[in-house]
Amino acid sequence: MLERLNRSLEYVEERLGAEVDVAEMARIAVTSEYHLRRMFSALAGMPLSEYVRRRRMTVAGAEVLAGRVSLLEIAVRYGYGSGEAFARAFRAVHGVGPGEARRRGAALVSQPRLSFRLTVEGSSSMRYRVVERERPEFTVVGLKARVPLVHSGPNQAIIDFVRGIDPATNERLADLSERSGQEPRGIVSVCDDLDPGRAEGTQLDYYQGVVTSPDAVAGDGDGGAEGIARLPVPAGTWAVFTVSGPAPRAIQELWRDVFVEWFPSNPYRGRPGPEILRTRLSADGTEADAELWLPVEREQEQGQG
């Protein structure tokens with residue numbers, strides 16, 4: 001997978017002066033556009049679109065400082081319809097406009113070309129299983145909020161949202177989970193409708209709820225309570241990962257390791273769908289046992305090397 005991803009990055013370098021077609025990158029990487037964006041964001045620590053913008057402005061910045069051609073020519077060469085649009089993009093990356101940079105030879109920001117490699121440490125193995133959830137679809141029932149994505153450290157928006165939930169509501173949801181008997185059992189955290197690039201601060205739908213069958217929701221009336229939201233989840237394949245360790249670090253490191261280590265080493269790719277996390281905290285809240293459910297599908301058989 002990493003070798004194919006690196007080939008798609010060669011395509012980016014060839015298209016810095018034109019539009020970068022992410023669908024074509026996915027074709028080169030022999031994967032889906034959705035999984036390509038997810039893998040890139042996890043491995044590079046930035047969205048693919050941000051990397052392309054930084055690389056384009058890195059190369060354009062060198063031409064600005066060289067002073068051989070006009071700023072308008074450089075703008076057109078790198079796909080900008082006006083000098084003003086180019087100047088805005090240039091300033092966003094370098095912190096200074098192209099005219100000022102040329103006049104005083106300002107120091108600019110350089111984004112190196114990326115190349116991904118798999119480092120084998122052999123210090124630990126990941127615990128996972130693959131689960132087929134066949135029809136009918138299941139449903140997430142719970143309370144919902146729109147929150148920002150936070151990659152490292154506590155997510156205060158989620159903490160405040162969860163603290164504001166009436167304990168009686170959690171008890172009612174937990175009872176619904178027991179009666180439904182669906183995995184994963186108990187109260188779960190569900191993230192849906194995330195930005196494909198997973199940029200820090202982008203918004204997502206967060207649910208604090210339980211996994212049930214559609215029939216259980218329709219028959220007991222819990223899903224109709226005021227403020228309760230429903231998220232239907234189609235049938236499909238799920239990779240289920242488990243981890244134990246300090247909270248929240250162990251869980252955040254699990255997310256990273258799934259994309260840095262597991263996906264490159266296994267014949268699966270991510271597919272669109274909610275991501276489900278069941279967490280059990282120690283009495284003092286410092287340790288966690290967690291189970292992460294990610295929607296996946298098998299990679300297509302490769303017809304080429």
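A residue counts as buried when its relative accessible area is under 20%, as exposed when it is over 50%, and as partly exposed in between. The exercises below apply this and similar rules to a predicted model.

**Exercise 1.** Determine whether Trp262 and Phe241 are buried or exposed, and classify the pair that their rings form.

*Solution.*
Step 1. Trp262 has a relative accessibility of 3%, so this residue counts as buried.
Step 2. Phe241 has a relative accessibility of 1% and therefore counts as buried.
Step 3. Planes over 60 degrees apart count as edge-to-face. The ring centres of Phe241 and Trp262 lie 5.0 Å apart and the planes meet at 85°, so the pair is edge-to-face.
Step 4. Phe241 belongs to strand E6 (residues 236-246) and Trp262 to helix H11 (residues 249-265), so the pair ties together parts that are 21 residues apart in sequence.
Step 5. Both residues also belong to one aromatic cluster, which includes Tyr128, Phe259, Phe263 and Tyr268.

**Exercise 2.** State how many aromatic pairs the structure holds, and describe the pair of Phe86 and Phe90.

*Solution.*
Step 1. There are 13 aromatic pairs in the structure.
Step 2. In the pair of Phe86 and Phe90, the centres are 5.7 Å apart and the angle between the planes is 55°. Planes under 30 degrees apart would count as stacked and those over 60 as edge-to-face, while the rest count as tilted. The pair is thus tilted.
Step 3. Both residues lie in helix H6 (residues 83-94), where a separation of four residues is about one turn of the helix.
Step 4. Phe86 and Phe90 are both buried.

**Exercise 3.** Describe how the side chains of strand E5 (residues 229-233) are arranged, and identify how strand E2 pairs with E5.

*Solution.*
Step 1. The side chains of E5 alternate between two faces.
Step 2. Ala229, Leu231 and Val233 point to one face and are buried, whereas Arg230 and Pro232 point to the other face and are not buried.
Step 3. Strand E2 (residues 138-148) pairs with E5 in the antiparallel sense, over five bridges.
Step 4. Within this arrangement, Phe138 stands opposite Val233 of E5.

**Exercise 4.** Locate the cis peptide bonds that precede Pro184 and Pro248.

*Solution.*
Step 1. Glu183 and Pro184 are joined by a cis peptide bond with an omega of about -10°. Pro184 is placed in the loop between helix H9 (167-180) and strand E3 (188-192).
Step 2. The peptide bond from Ala247 to Pro248 is also cis, and its omega is near 0°. Pro248 sits in the loop between E6 and H11.

**Exercise 5.** Examine the backbone angle phi of Val30 and of Asp193, and classify each residue as buried, partly exposed or exposed.

*Solution.*
Step 1. Val30 is not a glycine, yet it has a positive phi of about 55°. The loop between helix H2 (22-29) and helix H3 (33-44) contains Val30.
Step 2. The relative accessible area of Val30 is 16%, so Val30 is buried.
Step 3. Asp193, again not a glycine, has a positive phi of about 55°. Asp193 lies in the loop between E3 and strand E4 (203-212).
Step 4. The relative accessible area of Asp193 is 46%, so Asp193 is partly exposed.

**Exercise 6.** Summarise the protein chain as a whole, beginning with its secondary structure.

*Solution.*
Step 1. The chain has eleven helices and nine strands.
Step 2. Of its 305 residues, 47% are buried.
Step 3. Along the principal axes, the C-alpha atoms fill a box of roughly 75 × 45 × 35 Å.

Notes
Residues are numbered from 1 along each chain as its sequence is written. This is a predicted model: local features need pLDDT of at least 70, side-chain atom pairs count only at pLDDT 80 or more; totals for chains, interfaces and linings use all residues. Side-chain values use heavy atoms; hydrogens and water are left out. Buried means under 20% relative accessible area, exposed over 50%, partly exposed in between (1.4 Å probe, protein chains only). Two strands pair if DSSP finds at least two bridges between them. Rings of Phe, Tyr and Trp (its six-membered ring) pair if their centres lie within 6.5 Å; planes under 30 degrees apart count as stacked, over 60 as edge-to-face and the rest as tilted.
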